[in-house]
Amino acid sequence: MAGAQPVCFATTVLLTKAEVFAACQVLADADRALQHLGAVETCAALGDLFELLERRLVDRGPDGRAQPSAGWNSSERELTQ
């Protein structure tokens, strides 16, 4: 594209919990819709992305249990609503 400017992406992307939950909901909805169409590979890719986001929502300690990251002041109950 003529005149397009190069983009420099940040090494970290910060999203609010609400933004991540909305993204996860869209992924889940799209997965269900694509299953009906038989798009197995696309469903698998969406599932992988969903799992990545889900893993990043919660820090895990050495024992594998969820633990809040620095500066996190939300309750676990809030995450499951």
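**Two helices and the core between them**

Helix H1 carries Ala18, Val26, His36 and Leu37 as exposed residues on the side opposite its buried one. Here a residue is exposed when its relative accessible area is over 50%, buried when under 20%, and partly exposed in between (1.4 Å probe, protein chains only). The model is predicted: local features need pLDDT of at least 70, side-chain atom pairs count only at pLDDT 80 or more, and totals for chains, interfaces and linings use all residues. Residues are numbered from 1 along each chain as its sequence is written, and side-chain values use heavy atoms, with hydrogens and water left out.

The chain as a whole contains 3 helices and 2 strands, arranged along the sequence as α-α-β-β-α. Helices (H or I, at least four residues) and strands (E, at least two) are DSSP runs numbered from the N terminus. Of the chain's 81 residues, 12% count as buried. About 6900 Å² of the chain is exposed, and carbon and sulfur atoms supply 57% of that area; such areas come from the Shrake-Rupley method with a 1.4 Å probe, and for residues only the protein chains shown count as cover. Among the contacts (heavy atoms within 4.5 Å) with a separation of 6 or more, 38% join residues 24 or more positions apart.

H1 has 21 residues, and the distance from its first C-alpha to its last is 30 Å, close to the 30 Å expected at 1.5 Å a residue. The expected span is 1.5 Å times one less than the number of residues in the helix. Its buried residues are Val20, Cys24, Leu27 and Asp31. These cover an arc of only 60° around the axis, which puts them on the same side of H1; the arc is that of the directions from the helix axis to the C-beta atoms. An α-helix has 3.6 residues a turn, so residues three or four places apart point the same way. The cover over the buried residues of H1 includes H2. After H1 comes glycine 38, with a positive phi near 80°.

Helix H2 takes up residues 40-57; its 18 residues should span 26 Å, and its end C-alpha atoms are indeed 26 Å apart. Cys43, Leu46 and Leu53 are the buried residues of H2. Viewed down the axis, they fall within an arc of 90°, so they line one face of the helix. Val40, Glu41, Asp48, Arg55 and Arg56 are exposed on the face turned away from that buried side. Helix H1 (17-37) is included in what covers the buried residues of H2.

The two helices meet in the largest nonpolar core, whose 5 residues are Val20, Cys24, Leu27, Leu46 and Leu53. H1 and H2 are the elements that give two or more residues to this core, and H1 provides the largest share, 3 residues. A nonpolar core is a set of buried Ala, Val, Leu, Ile, Met, Phe, Trp, Tyr and Cys residues joined through side-chain atoms within 4.5 Å. Neighbours within four places in sequence aside, leucine 53 contacts Val20, Ala23, Cys24 and Leu27, while leucine 27 contacts Leu46, Leu49, Phe50 and Leu53. Leucine 53 and valine 20 lie 33 residues apart along the chain, yet their C-alpha atoms are separated by 7.2 Å.

Two cysteines end the account. Cysteine 24 is buried, with a relative accessible area of 7%, whereas cysteine 8 counts as exposed at 77%. The structure holds 0 disulfides (pairs of cysteine sulfur atoms within 2.5 Å).
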